[in-house]
Amino acid sequence: MEYKINTSTNIVRDSDSDMGYLVTPNAERVLSNIEENVSRGQKAFNLVGSFGTGKSSFLLALEKSLLLTQNYFSSRFNGKAKVVKLVGEYRSLTESLNEEFEIEDDLDGNQKLFDAIYQEYETVKNKGGALFIILDEFGKHLEYAVQNDTSKEVYFLQKLAEFVNAEDRDIVLITSIHQNILSYSNSLSKNQRDEWKKVQGRFHELPFNEPIEQLLFLVGKASKSAKKNDIQTLRLAEKHNLFSSINPNSKSLESSLYPLSFVSGYVLASALQRYGQNERSLFTFLNSIYFSQVKDKKARFELKDLYDYLFQHFYSFLVDKGNPDFNKWSAIKIALERSENIVEINRDVSEAFLKSLGLLSTFAKAGAALNESFFTSYLSYAFSKKEIKDTLNILEKDKIIRYSKFDDSFKLFEGTDLDIERAISEAENKIDEIDVLKKLNTHFTFPARIAKAETYKKGTPRLFKFELTNGPYKETPENNIDGFINLIFSEKSLSEKEMSDASTTDLPILFGYFTNTSEIAATLNEIEKTEEVLRNIEDQKDRVAIRELNAIINSNKNLLEHYVMDSLYTSKVSWFENGKNIEIKSGREFNKILSRISERVYPTAPILHSELINRHKTSGSISSARKNYWSALVNHNTEEDLGFPESKWPAEKTIYYSLLKKTGIHRLESNNWELGQPSREDFQPLWQASLDFLDKCKIERKSILDFQKQLSKAPLKLKQGVIDFWIPTFLFIKRGDFALYNDNGFVPYINEDILYMMTRNPKEYMIKSFVLNDLRLKLFNKYRNFLNQDSLNELDKNSFIESIRPLLVFYKNLNVYSQRTRTISDGAIRLRDAIQKAVDPEETFFEKLPASLGYSLNELSNNDKLFEDYIIDFQNRIEEIKNSFEQLLSRIELFLCKEILGSEMSFEAYALKLKNRYSGVKVETPDIVYHPRRVKATIAGRTKVTHPRRAKVDHF
């Protein structure tokens, strides 16, 4: 097939043209992706690619294949499809589609339009075909939508995408744009952008950017030359590490590129990607008079020729300071001008060399060796080795170029009075000894790595932090870090056995021992020396020297990155994990090891796919969701879905489903919704760990902070976001099994406010679990019998509260005298104080009350008679406290009768005697004015008082 060079394609205008489309692997991949997604129900697509990448040509070739007018692609819809195509305009998409489908006066909701589209689909439906709607230059409609009634336009796009994505039809919508949909909405408000996000989510995005290899492939296919390259530059490019993407297919490609070589072709494709419009600019070049003249002369087209072409056709851009490569192009121009002033130089060799060096310095990858060996081979198509070497020596002597031994490359050089190489060498004596670790940490920022497989499997993001040391590192990860990648840089050689022994640990650590530490140290030393020279000349304002020194520093930094980062998956790093020397050849294998370590160290972590809470720090928006969740948990735990509306999905409901509903913690039992032990197997270890913590709280009080620490360690190591929800939830479920305390003492009831404060101030809340055995239950039931309460088979917080409340009420109802008197027995005083100071219900019943009467729980457990004696003693002391006021009244009455009146008598009798006795006392006497009045007044109202003894004490 003859391949035609098209600089621009219009899918409507060029419908009947014989386009001679060249199918590339990238185009086949895109179509394969479309067909695979269509089979899964996704039928709205965006082709996203830069200008000139061939999107329009691909769409036109696809149409011709579907309609069988030409055979470019193989598709299951070929011969069974109908194609509707439009080229985008700055107008409403609705208007364009209405015009295409001849719709007038459409109904609300665009019903006529959608009916018309479906009718078109029905013409191919019966033969298993599909309707393809192709919208090229879709971005113009989006630009219109941003500026004109954006809500209406975006809503239509949503409906259109949903219409074609329906399961009962094969309607495929393919659009092409230069950037993703959301990028068009940058000028809109947040709420409007959120609507555009919905649109973007309904389209499957397909990148459409041809890689450099594909552009070279197109050059080879489009070339009509029968002559093959006689000089092979591919091997030269491989040897000197020029380009990143050399693969086995490149060898078969090289022979078809003539008059370009592999090197000039690769740089051409790179330049057109960077400065032009990819395929469009490439085909413009291939169709240019300039290139035609080269072919007519049957001459080679190498880097010097490419420089001339680029400088001529992209001149205005290359000399503009907005060009990111402006300084490099300027350096080439200056070097060429300076070389022209050298009398003895071979100008042809000099020009070819400087242009080639300049382009390769711009487009070859970092680490390319642009040295004498390369240029004597590469330029040998036109010049002898002696001519090339002599020219290089002259250029170097005149300081137009310089050789950098650090990256084994020539550099364009403007010239300076500073002898850079000598100055760097002499700086050796001015710098201190290099601290490799300290310097590496200043040069590299190692982002934490995620163990992707384990994170995907369980939902918990497992983060591994890099630690650079000179020996094996053994620390336990805390907070958001779940493991370490220990990079070891030791100038002392470590044997495999030493590393194996050092790496034998239960900790989640992957050890990487660098065997090239001496190279790394040497490179750091070169950086330090060059920076020392730079510091010393900064005041001299030698612009060229400063720029060159910075270039040397950057070159060494790139070399350092190569020694460190590029060595991770090579033989220069020996990896060890839990005592085993393991081989890691790629980032994928590296990540698998991290996931394996996570699985080994955190085997009991539950599966919880909830990005809202399964993270170390939750977003600020979760705060309101947390409060709503606690409220629902406390107030609606007997309702389905905690009472959340069925049709709405706020964040708190999503959290409830992940944490409680899907785990079986909140479930329907005998027609009642209740909270309990999870039914899902992966949540059992977390439940058991939580129960174990409550068991520890039987021995002593522990803070919720202790609970958090337990769950944040292996083998669970929950993220803080999960802990903040799990602990209050679990404690609410088990609220009857422990007593809760804060700074104000015992917390009798747990409500949503308490649950919320637990997460805000965990260290202020303490837990004390109840210890249950036969003796405690027996003793507790004795208390309950005394309080006229039913016996129980088990203890919980509610029963403690129920039983201690009468004792607290008993104390509160005592009058001031009974609360304070010391005239009762010591045992009664201690018992009263124990009741008055009661804080912990369990401690009060089983420790404080027995101790107040001289008993201990251990003694009571071994002696049944002593146990009965204690209960009787307890009852007697309570009666003593209760009757203490009556006893006071009796003592007062006895004193009056015997000591004042001389004999015992009834109240009425001694009241009358006292009245008569004091009747002669004058009330005006200041010292006794109060008492006679009280005697007369009280006795006068004696018969109205319902409690005779209280009347007596009021009286006296």
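**A covered strand and a helix crossing**

Strand β1 has both of its faces covered: on one side Ala 44, Asn 46 and Val 48 are buried, and on the other side so are Phe 45 and Leu 47. This description, like everything that follows, refers to a predicted model. Counted along the strand, which spans residues 44-48, 5 of 5 residues are buried. In a regular strand, side chains alternate between the two faces of the sheet.

The pairing of β1 can be followed next. Strand β4 (residues 171-177) is joined to β1 by 5 bridges, and the two run parallel. Within this pairing, Ala 44 has Leu 173 of β4 as its bridge partner. Strand β5 (residues 204-207) also pairs with β1 in the parallel sense, here over 4 bridges. For Val 48, the bridge partner in β5 is Pro 207.

Turning to the helices, α21 (residues 436-443) packs with α24 (residues 517-537) at an angle of about 70°, and their axes lie 11 Å apart. Since angles of 65 to 115 degrees count as roughly perpendicular, α21 and α24 are therefore roughly perpendicular to each other. The crossing of α21 past α24 is left-handed. On the α21 side, the contact is made by Val 436, Lys 439, Leu 440 and His 443. From α24, the contributing residues are Ile 520, Ala 521, Leu 524, Ile 527 and Glu 528. By residue class, the contact of α21 with α24 comprises 6 nonpolar, 1 polar and 2 charged residues.

Conventions: Residues numbered from 1 in each chain as written. Predicted model: local features only at pLDDT ≥ 70, side-chain atom pairs only at ≥ 80, totals over all residues. Heavy atoms only, no water. Axes fitted to C-alpha atoms, helices over the stretch in contact; angles between N-to-C directions. Parallel < 35°, antiparallel > 145°, perpendicular 65-115°, else oblique. Left-handed = near helix turned anticlockwise from the far one by under 90°. Contact = heavy atoms within 4.5 Å. Nonpolar A, V, L, I, M, F, W, Y, C, P; charged D, E, K, R; others polar. Buried < 20%, exposed > 50% of the residue type's maximum accessible area, 1.4 Å probe, protein only. Pairing = 2+ DSSP bridges.
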